[in-house]
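Trainee: Got a minute? I'd like to go through this structure with you.

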Amino acid sequence: MDDLDLSTWLIWSGRPTELGEPLNVPPVLASNFRLPGDRYYSRSEGTPTQNAFEDLMGGLDGGRSLAFATGMAAVACVFHGLPVGSKLVLPDDPYHAVNGLAEEGEKQGRWEVQRLDLGDTDAWIDAAQSADLLWLESPANPLMTVADLPKICSAPRKPGCLVAVDSTFATPLVQRPLEYGADISMHSATKFIGGHSDLMAGVLTVRDDSLYQELYDRRVRNGGTIGGMEAFLSIRGARTLGLRMEKAMANAMILAERLEAHPEVDTVRYPGLASHENHAVAASFMNGFGAVMSFDVAGTGERASAFAEAANVINNATSLGGIESTMERRALIPGQETMPATLIRFSVGCEHVEDLWRDLDQALAATA
Ligand SMILES: *Cc1c(COP(=O)(O)O)cnc(C)c1O
């Protein structure tokens, strides 16, 4: 079924097909199976529910997927494969827990970290000559920088250097890093793929069989395998990813334009806006611009906090990618103190766009 559109694949994939079987793969809640030996233990071989989620994600990303208990378990599974003394290249400002993981390993002397501006394509291409792992994140959290993934992922590199892309903000409907030449596509499925803020999950997708086996074996040892219920909910959430992304991205584009024109808002960072510094790069390869943006409320950090609290329809909460809109003042998050004090990260959901706009407008007016 290679010819299906990804939106159809999401709905079609992973269903039992035998006569009398249920239409949905059930949540198989079992740690072990009636088979001999140490095999067929859910941390190792997984459950039928997990395997169905992995098949769905593999088709979506264009490779073979491994599902994890969280996005960070997936990230750690990649980082912890680096031999001692490796060179790890990160964006200036990666997802904060990724940064924490990198700093811990750096302190322990496991690897050396080089940090680069995601928008500086040549610097990444240069670094590929000496790195062991390029870890890209695009669009990036929460400044919304977009890396030129097709250029960076296909550039010549030192033998053995892996290129991985944290594609959480985009989803495979917007970009497919493996097609550009990346070795690993990573997702926090907690976000858009699950889509309902009711689960934690992570995914790695790869094409190379020996890399797959290496990551699989490390997951068995480190114990980051996804749970049965989370795998079930991830599939259920992913079924509607196409619909949700279409609606949320359309909402995001309209709201970004209106926020940009609003006198009580300073900078709006959304790759879909012509004013965004990486707009041309984003438009050159992304299929849409995602549904996350950040913007600066005019005035002080206190005003930005009051603004987020004054919203009634948009939830003042962390995380992103839910069917419900969320926003938060990012500088309040531990590890994000260096963010602009007035920066609001806004994950646009699937509500009616006019309800979202009225809510933003009234919260700006109430705190002006
Ligand atoms: C949330 C997130 C992660 C971490 O995923 P968890 O599921 O929270 O462990 C990593 N990268 C990005 C870009 C994220 O948004």
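Mentor: Sure, we'll take the ligand, then the empty spaces, then the backbone.

Mentor: This is a predicted model, where local features need pLDDT of at least 70, side-chain atom pairs count only at pLDDT 80 or more, and totals for chains, interfaces and linings use all residues. Residues are numbered from 1 along each chain as its sequence is written, and side-chain values use heavy atoms, with hydrogens and water left out.

Trainee: How many residues surround the ligand, and which are the closest?

Mentor: There are 13 around the ligand, with Met72, Asp166, Ser188, Thr190 and Lys191 the closest. A residue counts if one of its heavy atoms lies within 4 Å of the ligand.

Trainee: How does that shell divide by class?

Mentor: Five nonpolar, five polar and three charged. Ala, Val, Leu, Ile, Met, Phe, Trp, Tyr, Cys and Pro count as nonpolar, Asp, Glu, Lys and Arg as charged, and the others, Gly among them, as polar.

Trainee: What lies 2.7 Å from an oxygen atom of the ligand?

Mentor: A polar side-chain atom of lysine 191. Serine 188 also has a polar side-chain atom by a ligand oxygen, at 2.8 Å. Glycine 71 uses a polar backbone atom, 2.9 Å from an oxygen of the ligand. A polar contact here is a pair of N or O atoms within 3.5 Å.

Trainee: And how much of the ligand does the protein bury?

Mentor: 94% of the 370 Å² that the ligand exposes when taken alone. Those areas come from the Shrake-Rupley method with a 1.4 Å probe.

Trainee: Where does the ligand sit?

Mentor: In the largest pocket. "Sits" means that more than half of its atoms lie within 2 Å of the pocket's grid points. On a 1 Å grid over the protein atoms alone, a pocket is an open set of points with protein on both sides within 12 Å along at least five of seven lines; a cavity is a set where a 1.4 Å probe fits but cannot get out; lining residues have an atom within 4 Å of a point.

Trainee: How much space lies in the largest pocket?

Mentor: About 350 Å³, counted as the space filled by probe spheres set on the points, which are joined across faces, edges and corners. It is lined by 24 residues, and Met72, Tyr95, Ser188, Thr190 and Lys191 are the closest to its centre.

Trainee: Which element gives the most to that lining?

Mentor: H3, with three residues. Helices (H or I, at least four residues) and strands (E, at least two) are DSSP runs, numbered from the N terminus.

Trainee: Switching topic: what lines the largest cavity?

Mentor: Phe192, Arg244, Ala248, Gly321, Gly322, Ile323, Val348, Gly349 and Cys350. The volume of that cavity is about 40 Å³.

Trainee: Last one. Which peptide bond leading to proline 139 is cis?

Mentor: The one from serine 138, with omega near -10°. Proline 139 is in the loop between strand S4 (133–137) and helix H6 (149–154). The bond from asparagine 141 to proline 142 is also cis, with omega near -10°, and proline 142 is in the loop between S4 and H6. Methionine 144, in the loop between S4 and H6, has a positive phi near 65°. Most residues other than glycine have a negative phi, and most peptide bonds are trans.

Methods. A polar contact is a pair of N or O atoms within 3.5 Å; within protein, one must be able to donate a hydrogen and the other to accept it, and residues adjacent in sequence count only if both atoms are side-chain atoms.
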